[in-house]
Amino acid sequence: MSGGGAGVGGGVLGAGSSYQRFVHSALELTRLRTVLKPHPSQEKFRFIQPNDDTTVLNALSYSAPKIRMLRSLTVEKKNSVQVLDFAAFSEPEYDLPIFCANAFTTPAQSIVVL
């Protein structure tokens, strides 16, 4: 699927906005409905470093009463590329599918895969 997705507040992801801001807004909205606790994997991903000074990596992972893990990774290279990787895993007793979404944006195009 190509083209930007609708972001929080009606903006288009990747088109002059930040995936990191989108993740932050989504987490705030999620916290209105459930209690999020940092997932143990959060500590491991905290130390991932980019190879250059123009790239920012941000990895987050949380759990909640019915959610085994919510995780996101954003990669943003100044004036170049943005990547959002997101996955949600429910607790096994709820027998729900895993949800994953990936978005890749350059100044010329956006690609979203669900």
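1. A friendly place to start is Lys77, which counts as partly exposed because its relative accessibility is 33%. On this scale, buried means under 20% relative accessible area, exposed means over 50%, and partly exposed lies in between (1.4 Å probe, protein chains only). The side chain of Lys77 meets that of Asp52 in a salt bridge, at 3.0 Å from N to O. A salt bridge here is a side-chain nitrogen of Lys or Arg within 4 Å of a carboxyl oxygen of Asp or Glu. This pair links distant parts of the chain: Lys77 sits in strand 3, Asp52 in the loop between helix 2 (41–45) and strand 2, 25 residues apart. Asp52 is also partly exposed, with a relative accessible area of 30%.

2. A word on the ground rules. This is a predicted model, in which local features need pLDDT of at least 70 and side-chain atom pairs count only at pLDDT 80 or more, while totals for chains, interfaces and linings use all residues. Residues are numbered from 1 along each chain as its sequence is written, and side-chain values use heavy atoms, with hydrogens and water left out.

3. Now the overall layout. The protein chain has 2 helices and 6 strands, and from the N terminus on its elements run α-β-α-β-β-β-β-β. Helices (H or I, at least four residues) and strands (E, at least two) are DSSP runs, numbered from the N terminus. Of the 114 residues, 30% count as buried. The accessible surface of the chain comes to about 7600 Å², and 60% of that belongs to carbon and sulfur atoms; areas come from the Shrake-Rupley method with a 1.4 Å probe, and for residues only the protein chains shown count as cover.

4. How are the strands arranged? The 6 strands form an open sheet in the order 1-2-3-4-5-6, with antiparallel pairing. Strand 1 (37–38) and strand 6 are the edge strands, each pairing on one side only. Two strands pair if DSSP finds at least two bridges between them. Strand 1 is joined to strand 2 by 2 bridges, and the bridge partner of Lys37 in strand 2 is Ser63.

5. The middle of the sheet deserves a look. Strands 2 and 3 pair over 9 bridges in the antiparallel sense, with Asn58 opposite Thr74 in strand 3; the hairpin joining these two strands runs through 2 residues. Strands 3 and 4 pair over 10 bridges, again antiparallel. Their hairpin has 3 residues between the strands, and Asn79 there takes a positive phi near 55°. Lys78 lies in the loop between strand 3 (67–77) and strand 4 and counts as exposed because its relative accessibility is 64%.

6. Asp85 links two of these themes. In the pairing of strands 3 and 4, Leu73 stands opposite Asp85. The side chain of Asp85 also meets that of Arg71 in a salt bridge (2.4 Å, N to O). The two are 14 residues apart, Asp85 in strand 4 and Arg71 in strand 3. Is Asp85 buried or exposed? At 18% relative accessibility, Asp85 counts as buried, whereas Arg71, at 25%, counts as partly exposed.

7. The structure holds 3 salt bridges, and one of them joins Glu28 and Arg31 at 3.0 Å from N to O. Both residues lie in helix 1, 3 residues apart, about one turn of the helix. Glu28 is partly exposed at 38% relative accessibility, and Arg31 is partly exposed at 35%.

8. Which residues make up the largest nonpolar core? There are 12: Tyr19, Val23, Leu27, Leu36, Leu60, Tyr62, Ala64, Leu70, Leu84, Ala88, Ala103 and Val112. Helix 1 (19–31), strand 2 (55–64) and strand 4 (81–90) each supply at least two of them. Such a core is a set of buried Ala, Val, Leu, Ile, Met, Phe, Trp, Tyr and Cys residues joined through side-chain atoms within 4.5 Å.

9. Finally, strand 6 shows two faces. Ser110 and Val112 point to one face and are buried, while Ile111 and Val113 point to the other and are not. Ile111 is partly exposed, with a relative accessible area of 34%. Strand 5 (residues 99–105) and strand 6 pair antiparallel over 4 bridges, and Phe104 stands opposite Ile111.
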